[in-house]
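The exercises that follow ask for a careful reading of one structure, and each task is followed by a solution that goes step by step.

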Amino acid sequence: MKISFKNSFIILLNLGLISLFLTSCEDVISLSVPKTEPYIVVEGNITTLAGEQKIILTNSQDLLTESRPIPIKNAVVKVTDDLGKIFEFKDVKNDGKYVWIPINKSEIMGVLGRTYSLEIQTEGDIFKAVSKINRVPKIDSIVYRLDDANSRQKGLGKPDRGYEGQFYAIDLKGVGDCYRVKVYKNDTLENGVDNIVVAYDAINTKSPVGDGITLSFPLRRLGRNELYRENDRLKVELLSVTEAHFDFWTQFRQELNNAGLFARPSARIPSNVINTNPKSSKQASGWFGTSAVSSLEVKIDKTKAVKEFND
Amino acid sequence: MSKLISKILFFLLIFPLVLFAQEEKLTLSGYIKDSKNGEGLIGASIYVKELKTGTSSNTYGFYSLTLPKGNYSVVITSVGYRKLTREIKLVVNNLNLNFEINQDGQELAEVIVKGKRDDENVSAIEMSVNKIDMKTIKKIPALLGEVDLIRAIQLLPGVSTVGEGATGFNVRGGAVDQNLVLMDEAPVYNSSHLFGFFSIFNPDAVKDVKLIKGGIPAQYGGRASSILDIRMKEGNAKNLEINGGIGLIFSRLSIEAPIIKDKASFIIAGRRSYADVLARPFLTGNSSGAQFNFYDVTAKVNYNINQNNSVFLSGYFGRDVFGNRFGFNWGNSTLSLRWNHVFSSKLFLNATAFYSDYDYLLDTDLKNIRPNNQFRWTSDIENTSIKPDFTYYISPNNTLTFGGQILTYGFSPGSANASSNGAKVTFGSPTKDATEYSAYVGNEIKVSPKISLQYGVRFSKYDYKSKEDIYYERRFVGISDAYPSGYDLDTKLNDKNKILQSFSNFEPRFNLKLETGISSSFKASYNRMTQYIHLMSNTAAATPLDVWTSSTNNIKPQLVDQVALGYFKNFGDNEYETSLEVYYKDFQNQIDYADRANLFLNPTFEKDLLFGKGRAYGLELYIKKNKGKLTGWVSYTLARTERKIEGLNNGDWFPNRYDRTHTVNVVAQYELTKKWSFGANFAYITGVPYSLSERQGYFENIAYGITTAGVRGNIRVPAYNRLDISATKKNKKALFGKGESEWVFSVYNLYNRRNPFSIYTQPKDDNTTNSVDAGSPQEVEKLVKNEAIQLSIIGSFIPSVTYNFKF
């Protein structure tokens, strides 16, 4: 419950301050930041879904740089599975997005239980990463109910009244299964800071107590930033991630929300990408992940809406 | 070893007695009290004209003077009181005399309890001590008009905080957990309401405040950096007295009255914030029924059984409540029972038994609407103790103090009940128990009229028990993303009945005073302090949810050595007090936190800790004007506080998050007429250090900071400055034509400055990032960029008005 209580704590602090007729304020400032040598930023996730697989390579910039990230071109990118099969990734559009394209539609790259090794060669450096595809439970159901939008769900172009959902899935028995939740509305991924949802067994913090139970609230919540409309197609994907990958996402989100009276010192976000030369000025950030995927899609139908969630 | 210890203690105890065994003398002893309300006066002076010697009353108002037989004229003085001269005959028997002295009459509204001799700062042996009387505290312009003891002491040299609204305070480079805050001898674990905006002490119930920053006497122990000793009023023993106030935040009411005149009295004082009551009409829908309030109740009864026996029972209960369906509440409660006993006119005992508790609750479902999907978390630290303290008044020039304490701790760091879709689980950190035993002896002697010495030693022993079948031991495995601290834990079997870890420490204490002129002195002190408990806090400001933990087999007690030197001089018949002090502190066994440390509900949190040492040094200049229409002080502190922790900042020294290089405070109070008085204070404080990422990357089109592990203090927040003013109008009459009353008008942050608390980066809420770069042949995705934010906790000037009354 670490994250959810922290955010609520800040909301409550503000409520408290307002109640005292005080206002805290945040001013955007310009900050002089040190010049840095770039790191490589790796973003890749191999899945058990059919189709292309993508690995994106960019250079890091100085903090607060306004311009878009600079793609790393002309790298040699390949992934080898634990059976020795090699998958080559090509920068087809010359934009730093390296893609593996299946020869035919039935060819699927990611296989449950297999381990994948990434190797990137660029400008004299060799980077490596390893990840295994872990198991994932099926999604049992998606339910939704009609409700008024709360302050978070309100906004320009968003419905004031609509459907809010929850999905149900039971964590697999055995401590330490980790998952990421991705939600698509009409095939568009709900992305952004608020939509990073990861689970350790059925809860959002590393503890053995969530083992084997239904994914807890608020992990299973759908429509956190915008209510759904009648006939919207709502798809939930549950992706298995490794425990280290869970740590990555947890810290990624923590760093993005690290503000205010109770901010922590900036911390390193873990990365499983390692430069084989630890003395090189170009070290790595980001993550090479692997996931098995289960998914469920529904179309919002008012006759199927529930009155109350089962909680 | 223990034989040696007892020999040393025995010698220390006997030594002063042997040295001053003298010819036949008699003792004059008793209490010095306020004639108006019967309150015992702390530090009132009693002076024997013929012998040019004297003493001052102790914390309970008791004094004892052993003199050769004779007739004397004694003078009793205390600042704010009329001088009292009495002729006494000390020829046949020991004399038992209580003195009641009259208030100076100038003041209308407040009880003046200022336990100070005019030149005490120069003549007393203690150094690095600040006392502010409640009368002065009440005149300092306060945030929203709420008189605040903790915010007032932050205006003293050597005291700082991480920023506005932060819980607690830092003394001479020490952390917030290193202050022993005592309320009638019971420790208080969280001294703040609403994070750090208000302190928990009701100004109407407080009699005396003393902050000891260095040269800490042997009778105090348990925290590493300072003692804040707060004494509550005993209650008016002569007449019914009602004090109260109506402010923007709190309403206050206190009632004190005799139960048996001059024998027994009580005080009960309560406060409650009513912001939620005012806000209620504006809360609708989901937020209706939201609670945010804080309240406290302070009560005390005392009974003077006879000249030699008095008992006191005092208690405090306070709570902050925040929330709606989801909520928190937290608070302290203390109860202390004290017995003052005069064995002989020379031997005084104060025996205390106390209970203290700090706990909090966090609940996702306060109203129990969804019992199948809720989360409820509680945490608590509990103390019980007995503590006898003896004072033996050997002669006016020689006082011996000795005593001991047994203090038990119960730690429940965190226990949670969670349910998801009906499945219930309980988890958290196991409870722990500990007992701290201590014994001390201290001796204060005037070696010559110019030289005084105070020395002593405190011995403490700490026994720690885990209440679980297993315990953990740290093992080094190397730093990696999986082990950011470099340590893993091995699980071992534990015998719950056995002491798992024991520590013992000697804490030497030493003070020296050398008078260098009629109104100047040089003082030096050394003290070692041991602290067996630690507040786990990894955030910029401590939160009410931070957890206190015991020293364990993995966590060693904090040890602090401090050396301080000072020069004290008064000018113009003690109109101006000045002091210049320098100090150096060495901290051992300081705790820090590896990246991604999880300190909540985590039984294996010891894995995430890092350890190291610290150092702090500084210079404090203090100029105070005591008399006249204009009073106040100027304080300047030049300081540094740093730590060196393996695994952080490449193992180099780095500034603590409460490091403030320059701190200037100016406090001024001007009494224009009997009716009108004015106050102002100004603060200028260097910004605190902060840590910020070095690089920026994009992942799934979201900008994020790339940070080298263990970065600390790589930027500093800009400096802080603020001016507050107040005006007080006294009325001769209060409600219904009785008593007295006053209006207090104040403006906090007069020039409306947005003082920075911290700087951080956060995702930018910006639609322009949607636009497609001109001429770009490729599809351009929406990016969530980063921006730098400067946070000001209080973003404007704050006017307020308060009405106080007294019957």
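**Exercise 1. Describe the contacts, fold and surface of chain A.**

Solution. In chain A, among contacts with a separation of 6 or more, 67% are made by residues 24 or more positions apart. The model is a predicted one. Next, take the secondary structure, which in chain A consists of two helices and 20 strands. The radius of gyration of chain A is 21 Å, close to the 19 Å given by the globule rule for 311 residues, so chain A is as compact as a globular protein of that length. The C-alpha trace of chain A extends over about 55 × 50 × 40 Å along its principal axes. Turning to burial, 55% of the 311 residues of chain A count as buried, and the accessible surface of the chain amounts to about 13,600 Å², with 52% belonging to carbon and sulfur atoms. Finally, chain A carries 42 positive and 39 negative side chains, and the centres of these two sets are 1 Å apart.

**Exercise 2. Give the corresponding description of chain B.**

Solution. Begin again with the secondary structure: chain B has five helices and 51 strands. Its radius of gyration is 28 Å, close to the 28 Å that the globule rule gives for 807 residues, so chain B is as compact as a globular protein of that length. Along the principal axes, the C-alpha trace of chain B covers about 105 × 70 × 55 Å. For the contacts in chain B with a separation of 6 or more, residues 24 or more positions apart account for 67%. Of the 807 residues in chain B, 62% count as buried, while the chain exposes about 30,000 Å², to which carbon and sulfur atoms contribute 57%. As for charge, there are 93 positive and 79 negative side chains in chain B, and the centres of the two sets lie 6 Å apart.

**Exercise 3. Which residues touch the most other members of the largest nonpolar core, and which strand gives this core its largest share?**

Solution. In soluble globular proteins, nonpolar side chains tend to be buried together. Here the largest nonpolar core has 70 residues, and those touching the most other members are B:Phe198, B:Tyr360, B:Phe375, B:Trp377, B:Tyr409 and B:Tyr462. The largest share of this core, five residues, is supplied by strand β26 (residues 398-420) of chain B. A second, separate core has 47 residues, including A:Ile40, A:Met109, A:Leu118 and A:Ala129. To see the surroundings of one core residue, consider B:Tyr462: when residues up to four places away in sequence are not counted, B:Tyr462 touches several residues, among them B:Tyr409, B:Phe411, B:Phe503, B:Tyr532 and B:Ile533. The neighbours of B:Tyr462 also include B:Glu436, B:Gln501 and B:Ser550.

**Exercise 4. Is B:Lys300 buried or exposed, and what is it in contact with?**

Solution. First locate the residue: B:Lys300 belongs to strand β21 (residues 291-306) of chain B. Its relative accessibility is 3%, so B:Lys300 counts as buried, the cut-off for that class being under 20%. Leaving aside neighbours within four places in sequence, B:Lys300 is in contact with residues that include B:Asp184, B:Glu234, B:Phe266, B:Phe312 and B:Arg338. B:Lys233 is also one of these contacts; although B:Lys300 and B:Lys233 are 67 residues apart in sequence, their C-alpha atoms are 7.8 Å apart in space.

**Exercise 5. Examine the backbone at A:Pro218, A:Asp201 and A:Asn231, and say where these residues lie.**

Solution. Start with the peptide bond from A:Phe217 to A:Pro218, which is cis, with omega near 5°; A:Pro218 sits in the loop between β15 (197-200) and β16 (221-222) of chain A. A:Asp201 is also placed in the loop between β15 and β16, and its phi is near 50°, a positive value in a residue other than glycine. A:Asp201 is buried, with a relative accessible area of 0%. A:Asn231, in turn, lies in the loop between β16 and β17 (233-241) of chain A. Phi of A:Asn231 is near 75°, again a positive value in a residue other than glycine, and at 47% relative accessibility this residue counts as partly exposed.

How values were computed: Residues numbered from 1 in each chain as written. Chains lettered and ligands numbered in written order. Predicted model: local features only at pLDDT ≥ 70, side-chain atom pairs only at ≥ 80, totals over all residues. Heavy atoms only, no water. Helix = DSSP H or I, 4+ residues; strand = E, 2+ residues; numbered from the N terminus. Rg over C-alpha atoms; globule rule 2.2 N^0.38 Å. Buried < 20%, exposed > 50% of the residue type's maximum accessible area, 1.4 Å probe, protein only. Contact = heavy atoms within 4.5 Å. Areas by Shrake-Rupley, 256 points an atom, 1.4 Å probe, with all protein chains shown as cover. Lys, Arg positive; Asp, Glu negative; His and termini not counted. Charge placed at Lys NZ, Arg CZ, Asp CG, Glu CD. Core = buried A, V, L, I, M, F, W, Y, C linked by side-chain atoms within 4.5 Å.
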